[in-house]
Amino acid sequence: MQPLPPVLRYAAKFLPVAVLAASFVAQAAAAVVPHLVLLVTATTAGLFAEAALHRWRPGHVSLLARVRADVMVRRLTCDFLLIVGLLRLTGHRQEWVYLPLVLGLLLFYGLHFAGHAAAIRVRGTRTLPLLTRNVDASALRITPAPPALLMRRHGPRLLLFGLPATAGLLVTAASDRPQFAAAGIALSVALAAVSLAGLVWCLVRRRPASSDEVLDWFDGWLADYRPTVGMYFSGGTSSAYQANMWLDSLAGLGGRPVIVLRERFMMQRIGATDIPVICIPKVSVLLRLEQSALKLLIHPANSGKTSQILRIPSIKHAFVNHGESDKLSSCNPYAKAYDQVWVAGPAARERYALADVGIEDHDVVEVGRPQLAPITPYAGPPTGAYTTVLYAPTWEGWDGNPGNTSVVLAGENIVRELLADPGVRLLYKPHPMTGSVDPLAGAANARIQALIHEANRGRTGPRPGPQAAAELARRTAELDRLTASSFRADADDAERMRVQSTPEAGRAEAVAAATAAWEAAHWASLPPGEHLIITTPRPALYACFNEADLLISDVSSVVTDYLASEKPYAVANTSDMPEELFRDAFPTVRAATILTPDAENVPALLDSVRNPGKDTLAAARAGLKRHLLGPSDPPSHARFGAAVLGLCERADEHRVRMSNRLLPAIPAQRAALEEAEEALTDRLEAAPEA
């Protein structure tokens with residue numbers, strides 16, 4: 001099926017608004033003339049246009065509200081134009097008959113106004129100053145949320161509850177029998193009254209804990225749980241992957257970890273974990289962490305809200321980033337704000353030194369990349385009928401520079417060359433933010449996916465039997481059961497907090513086993529030579545690494561992580577730099593095959609992957625791996641754990657110094673001093689044994 005031309009797509013986008021505007025013009029004309037058929041037709045068209053707007057064009061609903069043409073104004077206009085039409089159709093002979101109808105409509109809209117105010121009040125009582133996951137919050141008396149139609153969907157509620165009144169008026173216009181309008185208005189009034197009563201009951205009898213009670217409960221939880229190390233994260237809707245890659249490493253530390261978020265929407269975007277998750281939107285509440293036992297926070301990303309947590313002097317902060325590459329963002333001057341910068345290996349240390357952004361060498365700590373443990377090492381050339389190639393380009397970046405990503409200038413050429421080889425199976429995994437800044441990148445991404453779909457239609461061969469699909473469905477259901485919380489469609493943030501209480505014992509191990517089983521079932525369910533477009537969280541990037549014989553990417557952290565396998569890889573050079581200068585400028589590509597935008601050397605690259613004797617870069621990959629990721633002994637998780645202990649010790653020392661200097665007369669902080677001194681003493685006594 002051919003897509004619509006751009007002009008028609010644009011016209012279809014605004015069709016509901018155009019129909020709605022035309023319906024009001026026609027309705028007004030029909031009321032003045034008057035004309036029964038036109039009045040009924042225009043009113044019906046307006047109702048359908050309203051429904052289409054709320055269903056498919058919520059952005060246009062917001063736009064209309066900003067110009068004071070919100071749903072309340074539109075429905076009032078529609079209904080009272082109907083009343084005018086009724087009066088005109090009867091020739092002003094029965095004005096007194098329609099007066100009760102007008103009063104009934106006013107009562108309905110008055111009840112709707114009251115219901116809307118009550119809904120705002122109920123939402124206010126259920127908007128807690130903080131949210132939690134994996135924490136028992138039963139003491140907060142959180143109850144299930146009222147129906148979303150009453151709480152959050154103001155426009156659809158008015159449309160639905162007002163429909164009987166509008167329908168009754170239309171029937172009365174056609175039959176000249178006011179009792180139909182009276183019955184419809186009475187039903188609308190009843191619906192509005194019942195919804196208002198339900199919301200008032202929620203306010204009177206089902207109120208959760210107040211903000212002060214929630215904060216007192218939170219202080220008590222901090223005192224009981226006594227978190228020691230955590231992760232702080234703030235970001236946009238598509239950035240959760242930056243935090244998710246550190247979940248297993250944080251959980252592997254043991255002790256009492258915690259995750260601190262700042263955006264409410266992020267609560268359901270953080271992956272499956274047993275670690276307590278806390279969302280603290282307001283700075284005033286965030287600063288309560290100063291009175292906790294928290295010693296260290298790791299930061300996978302910089303954000304505008306990071307400076308707010310850095311105000312707390314009793315907590316040490318380490319920047320761990322969400323991947324390392326040769327991009328300028330990997331040596332951001334913002335890193336000066338942290339106590340330490342934790343990097344993978346010597347290459348990142350050199351990168352900061354060369355960037356000269358004010359990071360002292362003694363504040364850089366090499367910890368490796370502990371999350372790379374699941375990546376399997378190189379086991380030789382492909383042995384099956386197909387060579388699996390993972391093409392994982394990065395995105396265009398905030399500056400939209402076309403040299404950041406190969407998608408725009410080289411992506412289609414690379415994919416065409418790969419698809420031209422009958423022995424290649426392609427896994428295409430674009431960056432989730434591709435096209436978010438530059439529409440050209442989004443358009444190129446769409447064309448690449450179209451090429452892959454077309455190639456799949458031309459591929460024939462045996463397909464796995466139905467038992468493979470059944471096994472995948474079973475594994476998917478099991479993994480979803482362990483990782484996805486079941487919420488009612490009407491659930492709000494408070495209800496989700498109530499549902500996502502303390503996890504069952506052993507859930508983390510069960511999730512890991514279920515994920516491995518799902519990945520095996522996923523790959524087994526696919527035809528051996530079928531190309532795959534991966535834009536969902538499953539399968540994860542590292543699972544794609546393990547499936548691939550070759551990676552093609554850009555200058556990005558994907559390359560650094562893939563080097564843990566020591567498998568062949570290639571990097572596209574779309575920067576207009578000569579190859580020699582490109583290799584010097586970006587150390588991560590020094591063991592890569594460099595692809596030009598025309599991708600003419602892809603066939604030779606595939607030949608070297610299939611014939612190890614032609615692979616001249618194997619030794620260079622092994623050396624570059626050590627340079628980028630550090631030594632294999634001690635393993636990365638051990639170095640990461642040692643860095644955590646070291647910075648926690650500095651936090652204890654800082655608390656002791658500050659308490660000795662400033663706080664000898666304050667009882668509450670004397671207690672904190674004694675606790676910190678005791679922890680430091682225990683660690684020093686244990687040091688010789690270690």
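**Notebook: rings, charges and cores**

I began at Tyr109, which is buried, with a relative accessible area of 4%. I note at once that this is a predicted model.

**Entry 1. Aromatic pairs**

I asked how many aromatic pairs the structure holds. The count is 11. Phe108 and Tyr109 make one of them, and this pair is edge-to-face. Their ring centres lie 5.1 Å apart, with 65° between the planes. The edge-to-face label fits because the cut-off for it is an angle over 60 degrees. I checked Phe108 for burial too. Its relative accessible area is 1%, so Phe108 is buried.

I then looked up Trp246 and Phe640. This aromatic pair is tilted, at 5.6 Å centre to centre and 35° between the planes. Which parts of the chain does the pair tie together? Trp246 lies in the loop between helix H11 (240-244) and helix H12 (247-251), while Phe640 is in helix H26 (residues 636-662). The pair therefore ties together parts that are 394 residues apart in sequence. Are these two rings buried or exposed? Trp246 has 1% relative accessibility, so I put it down as buried. Phe640 counts as buried as well, at 2%.

I also found a cluster: ring pairs link Phe218, Trp221 and Tyr225.

**Entry 2. Charges over rings**

Next I looked for charged ends sitting over rings. Arg496 has its charged end over the ring of Phe487, 5.6 Å from the ring centre. Arg538 does likewise with Trp518, where the distance to the ring centre is 5.9 Å.

**Entry 3. Salt bridges**

Side chains of opposite charge can pair when their charged atoms come close. How many salt bridges are there here? The count comes to 29. I followed some of them in detail.

Glu213 bridges to Arg141, and their closest N and O atoms are 3.3 Å apart. This pair links distant parts of the chain, 72 residues apart. I placed Glu213 in helix H10 (residues 211-225) and Arg141 in the loop between strand E1 (131-133) and helix H7 (148-151). Glu213 is partly exposed, at 37% relative accessibility. Arg141 is also partly exposed, at 42%.

Lys316 and Asp339 meet through their side chains in a salt bridge, 3.8 Å from N to O. They too link distant parts of the chain, with their positions 23 residues apart. Lys316 belongs to strand E6 (residues 316-319), and Asp339 to the loop between E6 and strand E7 (340-343). Which side of the burial cut-off does each partner fall on? Lys316 has a relative accessible area of 10%; buried means under 20%, so Lys316 is buried. Asp339 has 21%, so it counts as partly exposed.

My next stop was within a helix. Glu471 forms a salt bridge with Arg474, with 3.2 Å between the closest N and O atoms. Why are they about one helical turn apart? Because they are three residues apart in helix H18 (residues 466-483). Glu471 is partly exposed, at 28% relative accessibility. Arg474 is partly exposed too, with a relative accessible area of 47%.

I found a network as well: salt bridges that share partners join Glu50, Arg74 and Arg75.

**Entry 4. Nonpolar cores**

In soluble globular proteins, nonpolar side chains tend to be buried together. I went to the largest nonpolar core, which has 57 residues. Which members touch the most others? They are Phe218, Leu261, Leu289 and Trp342. Helix H10 gives the most to this core, with six residues. Another core lies apart from it, of 33 residues. Leu372, Val558, Ala591 and Leu628 are among its members.

I listed the contacts of Leu289, leaving out residues up to four places away in sequence. Leu289 touches Phe218, Leu222, Val260, Ile280, Ile309, Ile312 and Ile315. Phe218 is thus a name I had met before, in the cluster with Trp221 and Tyr225.

**Entry 5. Ser608**

Last, I looked up one serine. Ser608 lies in helix H24 (residues 602-610). It is buried, with a relative accessible area of 15%. What lies 2.7 Å from a polar atom of its side chain? The backbone oxygen of Leu605 does. Not counting residues up to four places away in sequence, Ser608 touches Lys614 and Asp615.

Definitions and conventions:
Residues are numbered from 1 along each chain as its sequence is written. This is a predicted model: local features need pLDDT of at least 70, side-chain atom pairs count only at pLDDT 80 or more; totals for chains, interfaces and linings use all residues. Side-chain values use heavy atoms; hydrogens and water are left out. Helices (H or I, at least four residues) and strands (E, at least two) are DSSP runs, numbered from the N terminus. Buried means under 20% relative accessible area, exposed over 50%, partly exposed in between (1.4 Å probe, protein chains only). A polar contact is a pair of N or O atoms within 3.5 Å; within protein, one must be able to donate a hydrogen and the other to accept it, and residues adjacent in sequence count only if both atoms are side-chain atoms. Contact means heavy atoms within 4.5 Å. Rings of Phe, Tyr and Trp (its six-membered ring) pair if their centres lie within 6.5 Å; planes under 30 degrees apart count as stacked, over 60 as edge-to-face and the rest as tilted. A charge sits over a ring if NZ of Lys or CZ of Arg is within 6 Å of the ring centre and within 35 degrees of the ring normal. A salt bridge is a side-chain nitrogen of Lys or Arg within 4 Å of a carboxyl oxygen of Asp or Glu. A nonpolar core is a set of buried Ala, Val, Leu, Ile, Met, Phe, Trp, Tyr and Cys residues joined through side-chain atoms within 4.5 Å.
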